[in-house]
Amino acid sequence: MMNRRTLGGALTAVLTAATLAFAPAAQAQENGELVYMTPGLDLAFWRYVSEGVKSVAEENGYGFSALDSTNDPQTQLQNAQDAIARGVSGIILSPTDSSTAPAVLQLAQDAGIPVVIADIGTDSGEFVSVIGSNNYEGANGVGQALAAAMQDAGKAEATVGIIGISQARLNGQARTQGFKDALTEGGITGDAGLQQMQAYTADETFKFTQDMITANPGMGGMFVQTDGPTLGALRAIRAARMEGDVLVAAFDGIPEFVPLLQSGDLVVSGMQQPYLMGVRSAEAMLEHLGGGRPDKEITVPILIVTSDNIDEMLPTITETVFANEIE
């Protein structure tokens, strides 16, 4: 097996923002290496998943590396080819979207390397286990909270806009449907449309939000389907001097959400537990490598965190959502 010290040179062309960490040399050589392939480490959610995988790998004497696909299917495929060429023990995969996962799964299957999928899902292919959340249920809880807040604020007739993650992802489809169903059940039927993220940045969502506000002057609510971009939506709402006029719901979580929820600037966020998801993914891989049979599907609960319960939930989300990045 390739010595871990040579990885930096071998992967210069494909590691854009990877984090590399290794177990003690002798132990890592004996047990092998786990690789986490992620859509983009610039998004906090994937960084937290990575930290969860890393913690289990290192505790069990495995080498670890995180390979950043920069939300590009070709980079993802190249990362997979390089990991396979190194003869890694296992791959934990968060694909760029569900339609691009099968190509990676086929490469790994041909090479006899097991894959555990962490979130997003796949349209097809062979894998050991998929660790995820019930995105429909989580987004439905977010929609219920936003609908109730809009009713309380006298905004039942207002429209609601969605800034979504890729709807080619199974989790994106589930988030949109779960949220919309909750709004309908809550008596909120106005639709301000849906924009799909491509760059997954706050600046991109800032522009989407500006466009939505301009096109829908009666908009009273918004759902941003992932964490960091939500900050761009809030910035656009402040720039338009519409704080309190457009109520914002989010998905996932970053430390910046804590004061926003406490102040009420953010009504609710359906927080997956990415650090715990990474832990469960690595545990499933190690169970498989040890000759066991982990469950084919492992569900990590989504926490519905609101302005009313944020202080009560803070000890839990500090660890399982934020990977202890806040005190």
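**Helices, rings and a pocket in a predicted model**

At 43% relative accessibility, Gln 109 counts as partly exposed. The cut-offs explain why: partly exposed residues fall between 20% and 50%. The model examined here is predicted. Gln 109 belongs to helix 5, which covers residues 101-111. Thr 184 is 75 residues away from Gln 109 in sequence. In space, the two C-alpha atoms are 43 Å apart.

Gly 190 gives another case. Its relative accessibility is 18%, so Gly 190 counts as buried, because buried means under 20%. Gly 190 lies in strand 8, residues 190-196. Its contacts, leaving aside neighbours within four places in sequence, are with Ala 158, Thr 159 and Val 160. Arg 235 is 45 residues from Gly 190 along the chain, and 23 Å separate their C-alpha atoms.

Helix 3 spans residues 44-59. From first C-alpha to last, its 16 residues reach 23 Å. That is close to the 22 Å expected at 1.5 Å a residue. Many positions can be listed as buried in helix 3, including Ala 44, Tyr 48, Val 49, Ser 50, Gly 52 and Val 53. Strand 2 (33-38), strand 3 (63-68), strand 4 (90-93) and strand 5 (115-118) are among the elements that cover the buried residues of helix 3. Helix 9 (227-239) and helix 11 are also included in this cover. Just after helix 3, Gly 61 takes a positive phi of about 75 degrees.

Helix 11 runs over residues 274-289. It has 16 residues and reaches 23 Å from its first C-alpha to its last, close to the expected 22 Å. Its buried residues include Pro 274, Tyr 275, Leu 276, Met 277 and Gly 278. Ala 284, Met 285 and Leu 286 are buried in helix 11 as well. Gly 291, just after helix 11, has a positive phi of about 95 degrees.

Positive phi also occurs at residues that are not glycine. Most residues other than glycine have a negative phi. Thr 70 nevertheless has a positive phi of about 50 degrees. Thr 70 lies in the loop between strand 3 and helix 4 (73-86). With a relative accessible area of 34%, Thr 70 is partly exposed. Asn 324, which is not a glycine either, has a positive phi of about 60 degrees. Asn 324 is found in the segment after helix 12 (310-320).

Aromatic rings were examined next. The count comes to four aromatic pairs. One of them joins Phe 45 and Trp 46 in an edge-to-face arrangement. Their centres are 4.9 Å apart, with 90 degrees between the planes. Phe 45 and Trp 46 are both buried. Phe 179, Phe 223 and Phe 251 form one aromatic cluster. A charge also meets a ring: the charged end of Lys 296 sits over the ring of Phe 127, 4.6 Å from its centre.

The largest pocket has a volume of about 350 Å³. Its lining is made up of 18 residues. Gly 121, Val 130, Gly 132, Ser 133 and Glu 297 lie nearest the centre of this pocket. Strand 6 (129-132), helix 6 (135-152), helix 7 (170-185) and strand 12 (297-299) each give two or more residues to the lining.

Technical notes. Residues are numbered from 1 along each chain as its sequence is written. This is a predicted model: local features need pLDDT of at least 70, side-chain atom pairs count only at pLDDT 80 or more; totals for chains, interfaces and linings use all residues. Side-chain values use heavy atoms; hydrogens and water are left out. Helices (H or I, at least four residues) and strands (E, at least two) are DSSP runs, numbered from the N terminus. The expected span of a helix is 1.5 Å times one less than its number of residues. Buried means under 20% relative accessible area, exposed over 50%, partly exposed in between (1.4 Å probe, protein chains only). Rings of Phe, Tyr and Trp (its six-membered ring) pair if their centres lie within 6.5 Å; planes under 30 degrees apart count as stacked, over 60 as edge-to-face and the rest as tilted. A charge sits over a ring if NZ of Lys or CZ of Arg is within 6 Å of the ring centre and within 35 degrees of the ring normal. Contact means heavy atoms within 4.5 Å. On a 1 Å grid over the protein atoms alone, a cavity is a set of points where a 1.4 Å probe fits but cannot get out, and a pocket is an open set with protein on both sides within 12 Å along at least five of seven lines; lining residues have an atom within 4 Å of a point. Grid points are joined across faces, edges and corners, and a volume is the space filled by probe spheres set on the points.
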